[in-house]
Amino acid sequence: MEILARTVQATRCYGPVIALDGVSLDVPAGQLLGLLGPNGAGKTTLLQLLPGLRRPTSGTVELFGGYPRDAARRRRLGCTPQETGLPPTLRVHEVVEFVAGHFADPVPTPELLEQFGLTGLERRQSGGLSGGQKRRLTVAVAFVGRPDLVLLDEPTTGLDVEARHALWDAVRRYHQGGGTVVLTSHYLEEVEALAERVVVIDQGRVRADGTLADVRSLVPARRVRLRAPDLPELAGVERSNRDGDRHELWTADSDALVRQLVTMGIPFRDLEVATASLEEAFLALTAPGTQTVALIDGELAR
Ligand code: ATP
């Protein structure tokens, strides 16, 4: 399978700050990859290295098998950075046509605007768009050249729920048509809704790399909530929280835990059993003091 973007031991420093620390990552054709990480983790820096907007301090970066700044390679790429500026006096259709002019077979403007919920705004000056409309336009233009790979840095930040879902649909359609996407997000539900592969980055390093299920499996599989007075020592509980008579217990085997509660005659009520969420996995992976956990192709390496 073709690797569309690759970093090998890529490190990027800004003065004394190590923003990325030896990151090796392959992005194969057809994948929808979500990059997750807390503020300052290095996600934007990684997304800037892939198209050659920044150079690594050490290590290598390849785009479509070669030097990222090569114009022919860049023509296969669509990007939406975290912060973008639109010329305020250009009309929406002019912005799209300006970008489309760089490509041999662009998506027709009405089709693109329809996909991103911007129909009817063609003649509006971009300075007169709402924040959410501007964001949708800057994401839309990443797709105008029918790219093979799209890099989106927090594409839905500032969008309301409806607009966010419309944008997810557009990204999904592109992906179903064979497109490859790398996106960063602060919204775990976004990564959960879209990504097939999740890479968790923290302090410049890859902490986990796998499917959603793989990343979830890094925390105990079940969360059990209940109300009860003091609980005795219970076998199989890996972590617990208590707030008054509310208890939260994390365990790999919730059935065994519930059997213990019953056998011991513990007067519990309001029992809830849930599958560990991506959010719990993410918090466990990025908690201060957590050692590096790398999950590569489903294999756990500590
Ligand atoms: P966020 O989610 O907040 O956007 P991020 O994961 O995208 O964060 P980066 O923007 O890549 O993180 O930043 C990684 C680290 O590098 C941070 O400590 C940041 O302060 C630092 N950094 C980023 N760009 C620069 C720069 N141009 N000059 C100096 N330091 C920088």
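Here are a few worked exercises on a predicted model of a protein chain with a bound ligand.

**Exercise 1. Get your bearings: how many helices and strands does the protein chain have, and what does its C-alpha trace span along the principal axes?**

Step 1. Start with the secondary structure: the protein chain comes to 10 helices and 15 strands.

Step 2. Now the dimensions. The C-alpha trace spans about 75 × 45 × 35 Å along its principal axes.

Step 3. Check the burial. The protein chain has 302 residues, and 46% of them count as buried.

Step 4. On the outside, about 14700 Å² is exposed, with carbon and sulfur atoms supplying 50% of that.

Step 5. Finish with the contacts. Take those with a separation of 6 or more: 66% of them come from residues 24 or more positions apart.

**Exercise 2. Work out how helix α6 sits in the fold: which of its residues are buried, and what covers them?**

Step 1. Find the helix. α6 runs over residues 161–176, which is 16 residues. From first C-alpha to last, α6 reaches 22 Å, close to the 22 Å expected at 1.5 Å a residue.

Step 2. Pick out the buried residues of α6, using the cut-off of under 20% relative accessible area. They are A163, R164, L167, W168, A170, V171, Y174 and H175.

Step 3. Look down the axis. These buried residues cover an arc of only 160°, so they sit on the same side of α6. The spacing fits a general rule: an α-helix has 3.6 residues a turn, so residues three or four places apart point the same way.

Step 4. Turn to the other face. Away from the buried side, α6 carries the exposed residues V161, E162 and Q176.

Step 5. Now see what packs over the buried residues. The cover includes the strands β3 (32–36), β6 (149–153) and β7 (180–185). It also includes the helices α4 (109–115), α5 (131–140) and α7 (188–194).

Step 6. Follow the chain out of the helix. Just after α6, G178 takes a positive phi of about 105°.

**Exercise 3. Describe the ligand site: which residues are closest to the ligand, and which element gives the most to the shell?**

Step 1. Collect the surroundings. There are 15 residues around the ligand, and the closest are G40, G42, K43, T44 and T45.

Step 2. Go through the polar side chains. For N39, an N or O atom of the side chain is 3.0 Å from an oxygen atom of the ligand. T44 has a polar side-chain atom 2.6 Å from a ligand oxygen. In the side chain of T45, an N or O atom is likewise 2.6 Å from an oxygen atom of the ligand.

Step 3. Ask how covered the ligand is. Taken alone it exposes 630 Å², and the protein buries 64% of that.

Step 4. Sort the shell by element. β2 (17–28) and α1 (43–49) are the elements that give two or more residues, and α1 gives the most, with three.

**Exercise 4. Place two residues, T138 and E97: is each one buried or partly exposed?**

Step 1. T138 belongs to helix α5. Its relative accessible area is 6%, so T138 is buried.

Step 2. Look at what T138 touches. A polar atom of its side chain lies 2.8 Å from the backbone oxygen of R135. Leaving aside neighbours within four places in sequence, T138 is in contact with T80, T84 and L86.

Step 3. Move to E97, in helix α3 (residues 92–100). With 41% relative accessibility, E97 counts as partly exposed.

Step 4. Compare sequence with space for E97 and V144: they are 47 residues apart along the chain, and their C-alpha atoms are 9.0 Å apart.

Conventions. Residues numbered from 1 in each chain as written. Predicted model: local features only at pLDDT ≥ 70, side-chain atom pairs only at ≥ 80, totals over all residues. Heavy atoms only, no water. Helix = DSSP H or I, 4+ residues; strand = E, 2+ residues; numbered from the N terminus. Expected span 1.5 Å × (residues − 1). Buried < 20%, exposed > 50% of the residue type's maximum accessible area, 1.4 Å probe, protein only. Arc of directions from axis to C-beta. Contact = heavy atoms within 4.5 Å. Near = heavy atom within 4 Å. Polar contact = N/O pair within 3.5 Å; in protein donor to acceptor, adjacent residues only side chain to side chain. Areas by Shrake-Rupley, 256 points an atom, 1.4 Å probe, with all protein chains shown as cover.
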